[in-house]
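These are my notebook entries on one protein model. I looked up strand pairing, one helix and the surroundings of the ligand, in that order.

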Amino acid sequence: MRISVIGCGYLGAVHAACMAKLGHEVVGIDVDERKIAELSAARAPFFEPGLEALLDEVQLTGRLSFTTDMAAAAGSDVHFICVGTPQKKGENRADMTYVNAATHDLLPHLAPGNIVVGKSTVPVGTASRLAGLVTEQEPTAHLVWNPEFLREGHAVADTLSPDRFVYGVADGSEDHPAVAVLDEVYAGSLAGGTPRLVTDHPTAELVKAAANSFLATKISFINSMAEVCEAAGADVTRLADAIGMDDRIGRKFLNAGIGFGGGCLPKDIRAFMARAGELGADQALTFLREVDAINMRRRSRVVELTRELCGGMLLGQRITVLGAAFKPESDDVRDSPALSIAAQLQLQGAVVTVTDPKALANAAKRFPELQYVADLDQAVANADAVLLLTEWQQYRDLDPYEVAEMVGSLRILDGRNVLDAAKWRAAGWTYRGLGRP
Ligand code: UGA
């Protein structure tokens, strides 16, 4: 099939490459010339494991091209909208500027029978509104809401074989003509056994909001347990292991630490609360305010713990932060708890050095006032305290004896509870985890 993908960020670039991998002829469209130039040269404009290899592979087939010209969408049977919906400045709501602009610019290029597929995370009600614009322009075209559930760091695999597909169509019916078209688009993945559900527009939009809210709630739940564990002298990691063995609960997403960040969970729960308020259902989601508050409290807690670790004063303390990305295997620093903690420590007088295998360039753009050192050994040299805040494998694998040779004082705060506390203590370190004795 001929497919256009509008928006080539973390979602769209991966989607475009994966659709070409599935055998389609794909054009990726974005207003950012730099991004398009890089993608056209088969270079990923951001770090995502496997993406560059996939771009290389599919570009050799000639099935994938990139452009800044929206007119290139003409001739495609299916148009995916993959642009961002960041948090609106000064508000909790989602900023719909990019989705609205992408749809508006696409409309003149629609042909009879085309399918427009929204993948961006949007406030419920958006799909029906955009569907109206699509059919006004082209009465035989259809709009489907097909939320995306990929995780950064696993985006290629999550796109090629997701847990499920959700197709939100106007009448919510399996017989809707767009269902067969999307089945053809995803034929390769469906043949691999990925289940798919057909729903109406608002249900499809809500599936995404509900999924991210549940994940955020799970993380904040375990972080609230970490607070209680700290007060009671208990160990939240063992608690999570034990409750996670109940398969109704499950162990995944129960890692206590510095909390969730990134371009999705924080802004999605806020946008969801704001939208529920507009719909008169705000009471239903008041718990998400607490989820958000527990999450933000983690960051201040780490600042306080670091102060304790440094003998009660941050002023002039040399602190090395391991990790700037919001999670490992990504260079994304949007709402990164690690960077936010680093910045707060610096504001309180500490001398902060940040290192990260992939995210330093993005981090430096966001917080130019921090010092960034790419080399790990140089970064930890003479540190008064080391903070592990993003659990990259190389930080998990650190040898406490080797690091001890480089730092100024043997103090480590494990913000992700991934180090072996006994091993670090045996090597002479003062070890602090979160929610652990
Ligand atoms: C999240 C969802 O997991 C995806 O399903 C969704 O498609 C995506 O948002 C989106 O809306 O586009 P992502 O933001 O890539 O994906 O990252 P997650 O893997 O969900 O991690 C989010 C944050 O939670 C990270 O900061 C991570 O460190 C933190 N986390 C995760 C914890 O603190 N504890 C855990 O146990 C798990």
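In which sense do strand β1 (residues 2-6) and β4 pair, and over how many bridges? I found that β1 and β4 pair in the parallel sense, over four bridges. I took two strands as paired if DSSP finds at least two bridges between them. Helices (H or I, at least four residues) and strands (E, at least two) are DSSP runs, numbered from the N terminus.

Before going on, I noted that this is a predicted model, in which local features need pLDDT of at least 70 and side-chain atom pairs count only at pLDDT 80 or more, while totals for chains, interfaces and linings use all residues. Residues are numbered from 1 along each chain as its sequence is written, and side-chain values use heavy atoms, with hydrogens and water left out.

**Entry: strand β4**

I looked up the register with β1 and found Ile-3 opposite Val-78 in β4. β4 also pairs with strand β5 (residues 115-118), in the parallel sense and over four bridges; here His-79 stands opposite Val-116 in β5. I then checked the side chains of β4 (residues 78-81): Val-78 and Phe-80 point one way, His-79 and Ile-81 the other way, and all are buried (under 20% relative accessible area, with a 1.4 Å probe and protein chains only). I recorded that β4, helix α4 (residues 97-106) and β5 make a right-handed β-α-β unit. Right-handed means that, with the strands pointing away from the viewer, the path from the first strand over the helix to the second runs clockwise.

**Entry: helix α12**

α12 covers residues 286-309, 24 residues in total, and I read a span of 35 Å from its first C-alpha to its last, close to the 34 Å expected (1.5 Å times one less than the number of residues). Its buried residues include Asp-292, Asn-295, Arg-298 and Arg-299, alongside Leu-288 and Val-291. Gly-311 follows α12 and has a positive phi, near 80°.

**Entry: the ligand**

Which residues come nearest to the ligand? Of the 21 around it, I list Phe-149, Leu-150, Glu-152, Lys-208 and Asn-212; a residue counts as near if one of its heavy atoms lies within 4 Å. I next looked up polar contacts (pairs of N or O atoms within 3.5 Å). An oxygen atom of the ligand is 2.8 Å from a polar backbone atom of Phe-149, and one is 2.8 Å from a polar backbone atom of Glu-152. For Leu-254, the distance from a ligand oxygen atom to a polar backbone atom is 3.4 Å. Taken alone, the ligand exposes 720 Å², of which the protein buries 90% (Shrake-Rupley method, 1.4 Å probe). The elements giving two or more residues to the shell are α9 (201-232) and α11 (265-278); α9 gives the most, with four residues.

How values were computed:
Buried < 20%, exposed > 50% of the residue type's maximum accessible area, 1.4 Å probe, protein only. Polar contact = N/O pair within 3.5 Å; in protein donor to acceptor, adjacent residues only side chain to side chain.
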